[in-house]
Amino acid sequence: KPTSSDKAPPKMPGALPLIGHMLEFGKNPFNYMMKLRNTLGEIGEFRMFHQRMVLMTGPEANEAFFRAPDTQLDQSQAYKIMTPIFGKGVVFDAPPDKKDQQLKMLMPVLRDKPMRGYAQIIVAEVEQMVADWGDSGEIDLLEFMKELTIYTSSHCLLGNEFRYELNEEFAKIYHDLEKGVNPLAFVFPYLPLPVFRRRDKARARLQEMVTGIIAKRAQKPEKSEDAFQLLIDARYDDGSRLSPHEITGMLIGTIFAGHHTTAGTAAWTLLELARRPEHMQAVLSELDRLFGADGEVTFQSLREMPLLENVIKEVLRLHPPLIFLIRKVMQDFHFKDYTVKAGKYVCTSPRVSHRIEEIFPEPEKFDPERYTEARQEDAKPFSWIAFGGGKHKCTGNAFAMLQLKAIIAVLLRRYTFELTDAKDHYQDDFTQMVVQPVSPCRVRYRKRQTMSDTATQASEAGTAEKTPTGESFRIVIDRELCQGHATCMSEAPELFQVDDDGNLTVLQENPALDLLNKAKQAEKYCPTQAIKIQLK
Ligand code: HEM
């Protein structure tokens with residue numbers, strides 16, 4: 001809200017004529033943003049050429065950023081570079097109401113129910129990738145994860161036709177689309193360059209393939225259960241269907257959103273474990289305890305893996321693949337005493353916000369125990385924001401976590417990993433739009449000889465149940481954060497119901513204490529942290 005002392009955010013010194021802070025930012029955007037935070041605090045302005053950018057970091061600034069309505073802070077501008085790939089009129093290029101409807105149509109694909117089928121597919125894909133690995137060898141871990149995650153996501157989201165019949169052609173198309181992501185597209189998206197021509201040809205061919213599959217599927221009596229089919233069947237509010245152009249764009253968008261982000265995180269998870277034997281051993285023990293020597297890796301068994309989950313969370317704290325998120329200010333935006341004028345851009349940085357000493361003590365230390373019941377360093381809302389927050393929080397976050405857990409679980413049950421280069425060779429590459437480990441990223445793998453006999457060990461710290469007191473508890477829902485994933489309904493169907501449109505109903509006002517543990521599971525696994533359980 002405006003206050004009487006509205007003032008412009010403080011500015012970074014050292015802007016050069018014309019280019020502003022472009023050189024320093026371009027050299028290492030993370031270092032520059034960290035310097036801004038250390039110099040100016042939670043809000044501060046810098047300049048990229050003529051464009052004024054305001055960086056907001058820390059839980060309170062993040063909350064203001066993520067809760068602002070789209071009419072005030074517009075996300076679409078930041079994704080303009082993707083328009084030739086996703087397509088005109090698709091998601092970020094669509095008018096706000098249409099964009100919201102399209103994003104809503106994607107939700108059923110990423111909800112809790114289809115996730116069960118995805119788990120099986122992911123496990124089978126990982127098994128297939130390592131089928132000819134033998135006893136030991138060396139791989140480029142990032143390349144391996146990129147190949148694997150394109151198979152897993154195309155299989156889960158596009159379905160069998162693309163994964164099996166059209167796999168090679170799809171790989172080529174995807175490659176040409178990826179190469180077409182070029183900063184030049186911000187200014188001249190359709191310049192007659194070879195990379196842009198190949199990009200446009202690839203997109204047109206993909207749309208032809210999508211159109212062909214829609215026609216073929218219409219002839220089949222049985223229905224596929226992938227994301228593609230859900231989009232074929234989806235309807236706008238006025239009853240009209242998505243066009244093949246829109247379906248193509250939304251499928252590409254979903255695969256792009258989850259590809260490098262998941263691949264880089266999976267690679268970092270193994271790298272961080274490989275350089276820390278004590279954490280590696282703890283994760284191996286957890287896996288052995290959960291799966292034994294030949295237990296199946298299933299959706300159910302992947303659900304609760306507190307140690308590995310905390311390791312992945314810590315990896316995402318230190319190496320969030322998206323290091324800054326941008327919005328254009330459409331109407332003056334107020335934060336505390338400051339006003340950011342319309343026309344400027346505001347951004348937030350997960351990577352900087354994750355390194356605030358008061359929230360995450362010793363921020364550079366890799367310490368998965370930060371998230372245990374006893375410490376809960378991420379408890380303050382909007383402090384841990386690797387998946388963003390608010391209305392636009394990553395809708396694929398549950399899918400990403402499932403994928404990461406499945407990949408690591410299958411690999412580590414069979415192999416151990418060692419770094420081949422010096423520890424400090426493995427760094428983040430800030431020249432990429434999605435930050436990942438620098439290439440090459442080589443590791444040595446070795447088949448595990450025996451599984452440690454830890455199956456009978458006591459359960460991990462952090463899962464211990466507290467004895468509840470009182471007679472009942474209260475469920476509080478933050479409706480602004482709920483995206484209708486329906487994870488709560490799977491955890492506690494007695495308490496939560498989510499309809500096909502993603503609307504949540506809490507079924508009991510004052511649930512009895514015997515449902516407390518189930519309710520807490522729902523709170524814990526809600527992908528958007530929209531549930532709070534309060535003891536009365
Ligand atoms: C949005 C991170 C995986 C689909 C976002 C945002 C972040 C993010 C930070 C918010 C962007 C913003 O506010 O401007 C990540 C990370 C991932 C991951 C770190 C993996 C480790 C995935 C996967 C999918 C996906 C696997 C789909 C299968 C989406 C979609 C949005 C989004 C559709 C847009 C949501 C909206 O605007 O309503 N992601 N993501 N992401 N992500 Fe992810």
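Start at the ligand and select helix H5 (96–110), helix H12 (244–274) and helix H17 (397–414): each supplies at least two residues of the shell around the ligand. This is a predicted model. Of the helices to colour here, H12 gives the most to the shell, with six residues. Now show the whole shell, in which 23 residues surround the ligand. The closest of these are Gly258, Thr261, Gly388, Cys394 and Gly396. Colour the shell by residue class: 13 of its residues are nonpolar and 10 are polar, with no charged residue.

Keep H12 selected and add strand E9 (415–419) and strand E12 (residues 442–447). H12 lies across E9 and E12, and its direction makes an angle of about 80° with E9. Adding strand E4 (136–140) completes an open sheet of three strands in the order E4-E12-E9, with antiparallel pairing. E4 and E9 stand at the edges and have a single partner strand each, so one side of each is left without a neighbour in the sheet. On average, neighbouring strands of this sheet are turned by 30° against each other, direction ignored.

To check the register, look between E9 and E12, which run antiparallel and are joined by five bridges. Select Thr416 and find its bridge partner in E12, which is Arg446.

Next, step back to the loop between strand E11 (436–437) and E12, where Pro440 is found. The peptide bond from Ser439 to Pro440 is cis, with omega near -10°.

Move to the other sheet. Five strands form this open sheet, in the order E1-E2-E8-E5-E3, with mixed pairing. Strand E1 (43–48) and strand E3 (73–74) are at the edges; each has a single partner strand, so one side of each is left without a neighbour in the sheet. Select E1 together with strand E2 (residues 51–56): the two pair in the antiparallel sense over six bridges. One residue to label is Glu45, whose bridge partner in E2 is Val54.

With E1 and E2 still displayed, add helix H2 (residues 29–40), which lies across both strands and runs at about 135° to E1. Then select Leu18, in the segment before helix H1 (22–27). Its phi is near 65°, a positive value in a residue other than glycine.

For the domain view, colour domain 1 (91–273 + 389–447) and domain 2 (473–535) separately. Their centres, taken over C-alpha atoms, are separated by 29 Å. Where the domains meet, 10 residues of domain 1 are in contact with 11 residues of domain 2. On the domain 1 side, helix H6 (112–129) and H17 each supply at least two of the residues that touch domain 2. H17 also supplies at least two residues of the ligand shell. Coloured by class, the side of domain 1 that touches domain 2 shows two nonpolar, three polar and five charged residues.

Finish by colouring the chain by pLDDT. The average over the protein chain is 90, and 95% of the residues score at least 70. Which residues have a pLDDT that stays under 50? Select 452–467: pLDDT stays under 50 there, and the model has 20 contacts beyond four places in sequence for these residues. Where pLDDT is low, the predicted coordinates should not be read in detail. For the model as a whole, the scores are ipTM 0.99 and pTM 0.90.

Definitions and conventions: Residues numbered from 1 in each chain as written. Predicted model: local features only at pLDDT ≥ 70, side-chain atom pairs only at ≥ 80, totals over all residues. Near = placed C-beta within 6 Å. Helix = DSSP H or I, 4+ residues; strand = E, 2+ residues; numbered from the N terminus. Nonpolar A, V, L, I, M, F, W, Y, C, P; charged D, E, K, R; others polar. Pairing = 2+ DSSP bridges. Contact = placed C-beta atoms within 7 Å. Axes fitted to C-alpha atoms, helices over the stretch in contact; angles between N-to-C directions. Domains from an automatic or database assignment. pLDDT = per-residue confidence, 0-100.
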